[in-house]
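Student: Could we go through this model together, setting each descriptive word against the rule that stands behind it?

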Amino acid sequence: MSLSTSRRLALLTSASLALLAGCGSSSDSADAKSAPARVAVVASTNVWGDIARRIGGDRVDVTSVISDPDQDPHSYEADPQNQLALSKAKVVVENGGGYDDFVDRMLKSGHNDSAEVINAVEVSGKTAPKGGELNEHVWYDFPTVAEVADRISAALAKADPGDAGAFAKNAAAFKAKLAPLEAQEAQIKKAHGGEGVAITEPVPLYMTEASGLVNRTPAQFSEAIEEGDDVSPRVLQESLALFSGKKVKVLVYNEQTSGPQTEKAEAAAKAAGIPVVPVTETLPKGKDYLGWMTGNVDALASALSK
């Protein structure tokens, strides 16, 4: 029995649509296969994560293990989700210097030997002074940050050679925006070099030193605060006398790890009319690295001019 003309047309139309759909699926699949996967990057903190994201752009997926401003990186305990991310990472950016040892432990336990690991403290070349302790807060040191940016660019290029040019261009643009921060530190040094500053922790010291300021805080005070230990009454009084005796021009205060003794220092500074500049160890919410550091340097310059 022969098919009607309308029936034949219907079958031909269905076959054509199926063929077109098949062709579309094949093309979409080919496009998906031709697009390289994004490079998986894990950073110990959102400071390094933000810098990696700026250099990698839309060619990277960045996981920052510590991103909550209320978390203290020194005592952070990583979880299984972090372990999974580190086990799959192609590039890892850690701070080093004992700041985020959990990264190396988890890389080892996750058997990820192929990841390109960038250790910021090692990149900086900084070591502990004789008889002193290493200041591991190297993200406040802009020359170190510029070098880490180059290392991130090189590591991403190794993982994704096709986008090497874009990574290099992004790193160069990022470093160009660091230059005004270094220039402002030089201006502060010219205007206020040799003036005294007090701190609650060593967090901002690379910034204050580059600005020509002299840290007059007793080492026992800032080291005890950083380690979460009690400060002896003698050292506390010695520290508070910096403000009542007007021996410093500004107090740079780590508001991320405040406590009764640092609050006493803040109160003493305010009572003596000495400006307080708050800083943090990780990125505040809604900030990127460059905006954050610009705010820090601006605040320091403003406080010294009062």
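Tutor: What follows is a set of questions and answers about the terms used for this structure.
Residues are numbered from 1 along each chain as its sequence is written. The model is predicted, with local features needing pLDDT of at least 70, side-chain atom pairs counting only at pLDDT 80 or more, and totals for chains, interfaces and linings using all residues, while side-chain values use heavy atoms and leave out hydrogens and water.

Student: What makes β7 and β8 paired strands?

Tutor: Strands here are DSSP runs of E with at least two residues, and helices are runs of H or I with at least four, both numbered from the N terminus. Two strands pair if DSSP finds at least two bridges between them. β7 and β8 are joined in the parallel sense over four bridges, so the definition is met. Within this pair, asparagine 254 stands opposite valine 279 in β8. Strand β5 (residues 196–199) is joined to β6 by two bridges, also in parallel, and there valine 197 faces asparagine 215 in β6.

Student: Why are β6 and β8 called edge strands?

Tutor: The four strands form an open sheet with parallel pairing, in the order β6-β5-β7-β8. β6 (214–215) and β8 (276–279) each pair on one side only, and they are the edge strands. Helix α11 (residues 260–271) lies across β7 (250–254) and β8, running at about 150 degrees to β7; such angles run from 0 to 180 degrees between N-to-C directions, with axes fitted to C-alpha atoms, for helices over the stretch in contact.

Student: How do you know that valine 277 is buried?

Tutor: Buried means under 20% relative accessible area, exposed means over 50%, and partly exposed lies in between, using a 1.4 Å probe and protein chains only. Valine 277 has a relative accessible area of 2%, and it is therefore buried. Along β8, Val277 and Val279 point to one face and are buried, whereas Val276 and Pro278 point to the other and are not. Contact means heavy atoms within 4.5 Å, and, not counting residues up to four places away in sequence, valine 277 touches Val250, Leu251, Val252, Tyr253, Ala299, Leu300 and Ala303. The C-alpha atoms of valine 277 and leucine 300, 23 residues apart along the chain, are separated by 6.4 Å.

Student: What makes histidine 111 and lysine 246 worth a remark on phi?

Tutor: Most residues other than glycine have a negative phi. Histidine 111, in the loop between α4 (102–109) and β4 (116–119), has a positive phi near 55 degrees, and lysine 246, in the loop between α10 and β7, has one of about 50 degrees. Histidine 111 has a relative accessible area of 66% and is therefore exposed; lysine 246, at 54%, is exposed as well.

Student: Why is the space lined by Ala198 and Phe243 called a cavity?

Tutor: A cavity is a set of points on a 1 Å grid over the protein atoms alone where a 1.4 Å probe fits but cannot get out, and lining residues have an atom within 4 Å of a point. The structure holds one cavity of 30 Å³ or more, and the largest has a volume of about 50 Å³, a volume being the space filled by probe spheres set on the points. Its lining includes Ala198, Thr217, Phe221 and Phe243, and α10 gives the most to that lining, with three residues.

Key
1 Å grid on protein atoms, 1.4 Å probe; cavity = no way out; pocket = protein on both sides within 12 Å on 5 of 7 lines; lining within 4 Å.
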